[in-house]
Amino acid sequence: METAPTSLAIIAGARPNFMKVAPLMHALSADPAIKPILIHTGQHYDHNMSGQFFQDLGIAEPDYHLEVGSGSHAAQTAEIMKRLEPVLLESKPAGLIIVGDVNSTVAGALVAKKLGIDVIHIEAGLRSFDRTMPEEINRIVTDSISDLLLVTEESGRANLLREGVAESRIHLVGNLMIDTLRRHRDQALKSGVQARLGIEPGAAYGLVTLHRPANVDDPEQLGKILSALSEIAQELPLYWPMHPRTRSTVARLPLSERIHILEPLGYIEFLAMQAGSRVVLTDSGGIQEETTVLGVPCLTLRDNTERPVTIDAGTNRLAGTSRESILKAWAEHRANPKKGQEPPLWDGKAGERCHAVLRRHFVEGAAQG
Ligand code: UD1
């Protein structure tokens, strides 16, 4: 007798989720025993924060779109929960897969678990140990109620074990975001984005991204960072594709004319800009990982990172968030640029490993049980 495929729902909400969901959708769609159901929460909704990524990464149209939009943390998280519950009740998946650490991640975990649906967290176990970061709260809550915890780096496993998670539920699978990077790198190198932006072939430049509330919401704090960036820009012109959250504060502050502000870029063009840059200055989590694999030095404008492998093995350096600390890190980078190595299992096959874990749990495990 033919058995129906096992339904697995996948949540995608915000920009950094899309590069993780793409390889997973490819791997799961190829298995006739699994039926993936893609749910977009609409946490990010601008074309250049969302639609462009679906296009660039060849992700199928979502089966459901919750269209929640922006709001305070409580309002956004609550709205996702309210709109997700009827979708899960209707589609009855065997499991809900959530990625990363955004509000869509924690909202999905809470709703599914209370409906008795197994929760699979991909990129589990990362810890900055900084509970003022909204993402750290999302990570801790999500991991504490997840059934399967798939980790990108060894620190994730160690953190979960220390928190009392059973070893049998933790799987080191590598990094889905790096699957996407490897798949699109050649295409990115031919994108022509530098020419489009008027950058001469081979010209040296640096790339900036900033969006963390602690860095960009307070004009005084952002002013300190801009003062350091303006000094760095005297040596190296900087290009800054700006997150919508950052724009209003920057508009009120003085800025060197060697810092070029851009609209947010799509995935392919941003990857091309990273690959071609001498240094990347960022407060993003994912970009610390991407620069490590591209071999491009990264200065992280934070005091901590939940991705320590990018420092221990990769090209990343913590630069702090004061003018002095950023300029000190810049000087150290100039004297001794990091080359770095690729972390274990960041080899483009994380999608296959995730698929194997999910298949064992939901398809083979269910058949035996
Ligand atoms: C969210 C994630 C963060 C992730 C980041 C990547 C949480 C807690 N934070 O932060 O971990 O690194 O996404 O971008 O989930 N906005 C738009 N258009 C959009 C999306 C946002 O204009 O498509 C503006 C809105 O004014 C909104 C603000 O950006 O209020 C912040 O968006 P939000 O989703 O709340 O958080 P991010 O700062 O993007």
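**Note on the ligand site and three helix pairs**

1. Start with the ligand. One of its oxygen atoms is 2.9 Å from an N or O atom in the side chain of H243. This is a predicted model, and the distances below should be read with that in mind.

2. Two further short distances belong with the one to H243. In the side chain of H211, an N or O atom is 2.8 Å from an oxygen atom of the ligand. For Y45 the partner is a polar backbone atom, and here the distance to a ligand oxygen atom is 2.9 Å. When looking at the site, check backbone and side chain separately: Y45 takes part through its backbone, H211 through its side chain.

3. The ligand has 18 residues around it. Q43, H44, N103, E135 and H211 are the closest of them. N103 is worth keeping in mind, since this residue comes back in the helix contacts: N103 of α4 is part of the contact with α3, and N103 is also listed where α4 meets α5.

4. Next, how do α3 and α4 pack, and at what angle? Helix α3 covers residues 73–91 and helix α4 covers residues 103–114. The angle between them is about 45°, and their axes are 9 Å apart. Because of that angle, α3 is oblique to α4. The crossing of the two is right-handed.

5. On the α3 side, the contact uses H73, Q76, T77, I80, M81, L84, E85 and L88. On the α4 side, the residues are N103, S104, V106, A107, G108, L110, V111 and A112. Sorted by class, the contact holds nine nonpolar, six polar and one charged residues.

6. Helix α4 also packs with helix α5, residues 134–145. Their axes come within 9 Å and cross at roughly 25°. An angle under 35 degrees counts as roughly parallel, and α4 and α5 are therefore roughly parallel to each other. This crossing is left-handed.

7. Which residues of α4 and α5 meet? From α4 they are N103, T105, V106, A109, L110 and K113, and from α5 they are N138, V141, T142 and I145. The contact consists of five nonpolar, four polar and one charged residues. V106 and L110, like N103, appear both here and in the contact with α3.

8. The last pair is helix α12 (residues 267–276) with helix α13 (residues 286–294). They pack at about 55°, with 10 Å between their axes, and are therefore oblique to each other. Their crossing is right-handed. Y267, F270, L271, Q274 and A275 of α12 meet I287, E290, T291 and L294 of α13. Six of these residues are nonpolar, two are polar and one is charged.

Methods
Residues numbered from 1 in each chain as written. Predicted model: local features only at pLDDT ≥ 70, side-chain atom pairs only at ≥ 80, totals over all residues. Heavy atoms only, no water. Axes fitted to C-alpha atoms, helices over the stretch in contact; angles between N-to-C directions. Helix = DSSP H or I, 4+ residues; strand = E, 2+ residues; numbered from the N terminus. Parallel < 35°, antiparallel > 145°, perpendicular 65-115°, else oblique. Left-handed = near helix turned anticlockwise from the far one by under 90°. Contact = heavy atoms within 4.5 Å. Nonpolar A, V, L, I, M, F, W, Y, C, P; charged D, E, K, R; others polar. Near = heavy atom within 4 Å. Polar contact = N/O pair within 3.5 Å; in protein donor to acceptor, adjacent residues only side chain to side chain.
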